[in-house]
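Reader: I should be grateful for a close look at a single part of this structure, set out as one connected account. Please begin with one helix and its link to the rest, and then turn to the other local features.

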Amino acid sequence: MGSERVFPQARFVALAIALCASVAHADTPPTRSKTHERVAVIDLGPSDPAVRRQLAAALVAAGLEPVVGDGVEDALAGDNVDRDAVQLAAAVAEAQRAFGALDCKAATTASQTAIGLAAARQAAGLPVPELARALTYVLLCADRAGDLDTALRAATNLRTVGGSPDVPADVWKKYPEIDVVPAHERFALAITADPGAAVYLDFRRVGTAPLTLTLTAGDHVIAAATATRRGWAAGTAVRTQTQLAIPMADLRGTWAEVAQRVASWRGAMPAPPELGWVMAKVHARVVLVRKGDRVEAWGRLGLAEAPHQLGGDDGVGTLAEADRLAALVVDRVHGWNDRAPDPDRPLLVEDRTPGRTDRGESPTKWWVYASVIGAVAAAAVLVYANDAGSDHQRIEVHAP
């Protein structure tokens, strides 16, 4: 069998093809997969924090980043959580912990903070069940320590807010109501706060700011509120102090606007523009919308388009299918980041209407064609230079 010398030009043709291919792709950016895409969970009800945690866990397991923190997860369920509500819950929890540990000093300190915060919320017309709990801790700790004045004052305030079943009957008997206060122990105190703010003295409404109150000697809690602005002050009233300014701050939650928008849907699936507004506010391209046991995946590539349901029927499932829906989200996000065609959106069809100019389509850049032509020309020169050494082709065959 003989050997055969192949055409040397084939090597140069292959080089030209490879060079052309690399130039043709020079205008295509490299793809990058983004991990930890932000995904919001909108809970249309019935409101259930456990369900929201379940969906968030499925997102984390898929490598996604649920939108949580600073009360945003509650806002996405239509629940507005003010800043002082978080502080109040923390103070009551600390009081309960300390009381259970028989640390009455810490329990009383935490309870006093909770009482002030609750008083301000009461002035704003908000329900404050925490107020009775905090006053109960103060009363029981003062009774245990033999502090009769503090216990009597706590018992009086506790009666004002409706009492507490956690106070034993024998403790109530020790601290009866006292209505008679000597005149020489009463004096005036001018209260200033935001004009028109509701003012409460020891958990009873006494008017609107500014106003002048007649106080008895001793400890008092004064609160003022108007809309989301509220504040409080607590301390011992003395004859030498004739004025008190109650500092007020806007305690509206960071995500109050989102909470109000979601609540306005009243548990119904919103229109895509409404959904897009919330997505823009929380900076998320994808949301899981939950209502009962049904979960839908919605998303969009950018702000310029309205959100759409991902995967068609595949984008709808039950809570038990949260992992599958999270996997669908991951697939779509990678497609967007890789600039692949979105399978959930119709492809654009070229309009062949005579005379129509499609100005929206970006033409291929001129340097791409120039580079391709240059590559082909360079390959041709290489082939020609190789052939110039001889004026004929030669095949050598050796036979035994």
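Author: The account below starts with helix 6 and its disulfide, and then moves on to the strands and loops. The model is a predicted one.

Helix 6 covers residues 130-145. At 1.5 Å a residue, its 16 residues should span 22 Å, and the C-alpha atoms at its ends are 23 Å apart, which agrees. Of these 16 residues, 12 are buried, so the helix is largely enclosed by the rest of the structure. The buried residues include Leu131, Leu135, Tyr137, Val138, Leu139 and Leu140, and also Thr136 and Asp143. What do the buried residues of helix 6 pack against? Their partners are helix 4 (83-100), helix 5 (104-123), helix 7 (148-160) and helix 8 (169-174). Just after helix 6 comes Gly146, with a positive phi of about 75 degrees.

One of these neighbours is also joined to helix 6 by a covalent link. A disulfide is a covalent bond between the sulfur atoms of two cysteines. Here Cys104 is joined to Cys141, with 2.3 Å from S to S; the count of disulfides comes to one. The link of Cys104 and Cys141 is left-handed, with -85 degrees about the S-S bond. Cys104 lies in helix 5 and Cys141 in helix 6, so the pair ties together parts that are 37 residues apart in sequence. Buried means under 20% relative accessible area. Cys104 therefore counts as buried at 18%, and Cys141 is buried at 4%.

The strands form the next topic. Strands of a sheet pair through backbone hydrogen bonds, either parallel or antiparallel. An open sheet of three strands has the order 6-3-9, with mixed pairing. Its edge strands are strand 6 (211-216) and strand 9 (243-245), each of which pairs on one side only. From one strand to the next, the twist averages 35 degrees. Strand 3 (residues 186-192) and strand 9 run parallel and are joined by three bridges; Thr192 has Ala245 of strand 9 as its bridge partner.

Strand 4 (residues 198-201) and strand 5 (residues 204-208) run antiparallel, joined by four bridges. Ala198 has Thr208 of strand 5 as its bridge partner. The two strands form a hairpin with two residues between them, and Asp202 in the turn has a positive phi of about 50 degrees.

The loops hold further backbone features. Most residues other than glycine have a negative phi, and most peptide bonds are trans. Which peptide bond links Ala209 to Pro210, cis or trans? That bond is cis, with omega near -5 degrees, and Pro210 is found in the loop between strand 5 and strand 6. Gly45 and Pro46 are also joined by a cis peptide bond, with omega about -10 degrees. Pro46 has its place in the loop between strand 1 (38-43) and helix 2 (49-61).

Positive phi values occur in loop residues as well. Asp70 has a phi near 60 degrees and is found in the loop between strand 2 (65-66) and helix 3 (72-75). With a relative accessible area of 57%, Asp70 is exposed. Ala227 has a positive phi near 55 degrees, and its loop runs between strand 7 (218-226) and strand 8 (229-237). At 65% relative accessibility, Ala227 counts as exposed.

Note on methods. Residues are numbered from 1 along each chain as its sequence is written. This is a predicted model: local features need pLDDT of at least 70, side-chain atom pairs count only at pLDDT 80 or more; totals for chains, interfaces and linings use all residues. Side-chain values use heavy atoms; hydrogens and water are left out. The expected span of a helix is 1.5 Å times one less than its number of residues. Buried means under 20% relative accessible area, exposed over 50%, partly exposed in between (1.4 Å probe, protein chains only). Contact means heavy atoms within 4.5 Å. Two strands pair if DSSP finds at least two bridges between them. A disulfide is a pair of cysteine sulfur atoms within 2.5 Å. Axes are lines fitted to C-alpha atoms, for helices over the stretch in contact, and angles run from 0 to 180 degrees between N-to-C directions.
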